[in-house]
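Biologist: I am new to this model and would like a close look at one single part of it. Please take me through that part slowly, and explain each term as you go.

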Amino acid sequence: MIIGILLIILGVIGIAMGMIMFGDIGIACIVGALAALLSGIGFIFTNRKIKKLNKKSG
């Protein structure tokens with residue numbers, strides 16, 4: 001859960017920084033930030049599903 005939150009924060013900061021940058025470097029920064037953002041969201045969804053499965057089996 002903590003990793004997911006940190007990745008989302010990193011993604012938002014990276015997108016903001018990518019908007020400030022010029023040219024190809026800005027695009028690369030935004031792409032990397034989007035990857036971090038999507039990974040963070042995936043970590044949080046996976047954590048919720050694992051907790052739900054543990055409640056059903058336990």
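**A close look at helix α2**

Modeller: Let me begin with one residue, G32, which counts as partly exposed because its relative accessibility is 41%, where partly exposed is the range between buried (under 20% relative accessible area) and exposed (over 50%), computed with a 1.4 Å probe and protein chains only. This is a predicted model, in which local features need pLDDT of at least 70 and side-chain atom pairs count only at pLDDT 80 or more, while totals for chains, interfaces and linings use all residues. Residues are numbered from 1 along each chain as its sequence is written, and side-chain values use heavy atoms, with hydrogens and water left out.

G32 belongs to helix α2, and its C-alpha is 20 Å from that of M1, which is 31 residues away in sequence. The protein as a whole has 2 helices and 0 strands; these are DSSP runs, numbered from the N terminus, with helices being H or I over at least four residues and strands E over at least two. Helix α2 covers residues 23-57, and its 35 residues reach 52 Å from the first C-alpha to the last, close to the 51 Å expected at 1.5 Å a residue, a span that is worked out as 1.5 Å times one less than the number of residues.

Which residues of α2 are buried? They are G26, C29, A33, A36, L37, G40, I44 and N47, and their cover includes helix α1, residues 2-20. C29, which lies in α2, shows this in more detail: beyond its neighbours within four places in sequence, C29 is in contact with G14, M17, G18 and M21, contact being heavy atoms within 4.5 Å. M21 sits in the loop between α1 and α2 and is partly exposed, at a relative accessible area of 31%. For another pair, I13 in helix α1 and L37 are 24 residues apart along the chain, with 9.9 Å between their C-alpha atoms.

Other pairs are set further along the chain and in space. C29 and K51 are 22 residues apart in sequence and 33 Å apart, C-alpha to C-alpha. K56, also in helix α2, is exposed, with a relative accessible area of 69%, and its C-alpha atom is separated by 33 Å from that of G11, 45 residues away along the chain.

The picture of the whole chain helps to place the helix. The C-alpha trace spans about 55 × 15 × 10 Å along its principal axes, and the radius of gyration is 15 Å, whereas a compact globule of 58 residues would have one near 10 Å; this radius is taken over C-alpha atoms, and the globule rule is 2.2 Å times the number of residues to the power 0.38. Of the 58 residues, 21% are buried, and among contacts with a separation of 6 or more, 61% join residues 24 or more positions apart.

The protein exposes about 4,600 Å², of which carbon and sulfur atoms supply 78%, by the Shrake-Rupley method with a 1.4 Å probe, where for residues only the protein chains shown count as cover. A nonpolar surface patch of about 880 Å² includes M21 and I25 among its members, and its largest share, 6 residues, comes from α1. Patches are made of residues with over 30% relative accessible area and no salt bridge, joining like charges within 9 Å and nonpolar side chains (Val, Leu, Ile, Met, Phe, Trp, Tyr) within 5 Å, and a salt bridge is a side-chain nitrogen of Lys or Arg within 4 Å of a carboxyl oxygen of Asp or Glu.
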